[in-house]
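Reader: Before I set anything up with this model, I would like a close look at a single part of the chain and its surroundings. Could you take me through one place in detail and then follow the fold outward from there?

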Amino acid sequence: MQTLNIIGAGRVGKSLARLFFDKQIFEIAQVYTQSAKTNLTALEFISSGIGITDIKQVQVADITLLAVPDDHLVDTTKALLECGALPVGGLLFHCSGSKSSLDLLAQVPALDQLQIQLASVHPVRSFADVAAVVEDFSGTICSIEGSARALAILESAFVGIGAQLIPVKPEAKMLYHAASVFASNYLVTLMDIAIDAYCAAGIPMESAHKMARALSAKSLENVFNLGTMSALTGPIKRGDMKTVAYQQEVVTAWDEQRGAVYQAFIAPTIALAQKTRD
């Protein structure tokens, strides 16, 4: 069984480590985090591995998973190279949604000199509840790209933990990730705005949650059953632009930042409504 180092054991890192351990895909070698507290928490969750908090202590493993924030990918890779933790011809992959393996290679050319096999695998799901991730990971869509040798190993490994793999072009990863941000992160922001607006209008919090949930759940159901054009309803769809203009003023008067968000959605929604008439 090949060994796997986990560099960064936050929600994504420790979830994947646990899945690989449970399915006996890889032997978990070292688990690196910056603090002793998070390291202990990660080891308890994974149920395997040797914890370290000094990156200089990382030893060679067959495969290395970089599960660190995007802005730390390059510096962390350089640190691993400096301590000799990446062997010639080894496999290094990360889980960034916006960065590709080629992005990392461009910024750390020493990886090419060592013939390191690079890849990125991005699970398209929320990792807010790591226990739930491990419980129902099967069927999770994961985008994947990288060298042929890296993919030969990682495709089998991720299929082994139940992933559905979708190839993505390295040069398209930033736009691909933006799509995920719209579908997940910004959706949460919109729900936060909607709930706050209900409450500002005098609706009790519990009722605000119920109203936002009912509308959003049905809208998403319609999007995937009927398509976005048929799912669109509301004043812009009806052509009530005077209502839209006044509503934008009211929202801005309540909260200028939220008013800007409302304004930003007007033009794209008009364009979508126009598609339904064409």
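Author: In this predicted model, Asn39 is buried, because its relative accessible area is 5%, which falls under the 20% cut-off for that class. Asn39 has its place in helix 2, which spans residues 36-46. Leaving aside residues up to four places away in sequence, Asn39 touches Val31, Tyr32 and Thr33 as well as Gly51, Ile52 and Thr53.

Turning to the strands, strand 4 (residues 63-66) is covered on both faces, with Ile63 and Leu65 buried on one side and Thr64 and Leu66 buried on the other. This arrangement can be read against a general pattern, in which the side chains of a regular strand alternate between the two faces of the sheet. Strand 4 runs parallel to strand 1 (residues 3-7), to which four bridges join it, and it also pairs in the parallel sense with strand 5 (residues 91-94), again over four bridges. Leu65 stands opposite Ile6 of strand 1 and opposite Phe93 in strand 5. From strand 4 the chain crosses through helix 3 (residues 73-82) to strand 5, and this β-α-β crossover is right-handed.

Two loop residues deserve a check of their backbone angles. Most residues other than glycine have a negative phi. Gln24, in the loop between helix 1 (11-22) and strand 2 (27-32), has a positive phi of about 55° although it is not a glycine, and Gln24 counts as partly exposed at 47% relative accessibility. Gln115, found in the loop between helix 5 (110-113) and strand 6 (117-123), likewise has a positive phi, near 55°.

Terms used. Residues are numbered from 1 along each chain as its sequence is written. This is a predicted model: local features need pLDDT of at least 70, side-chain atom pairs count only at pLDDT 80 or more; totals for chains, interfaces and linings use all residues. Side-chain values use heavy atoms; hydrogens and water are left out. Buried means under 20% relative accessible area, exposed over 50%, partly exposed in between (1.4 Å probe, protein chains only). Helices (H or I, at least four residues) and strands (E, at least two) are DSSP runs, numbered from the N terminus. Two strands pair if DSSP finds at least two bridges between them. A crossover is right-handed if, with the strands pointing away from the viewer, the path from the first strand over the helix to the second runs clockwise. Contact means heavy atoms within 4.5 Å.
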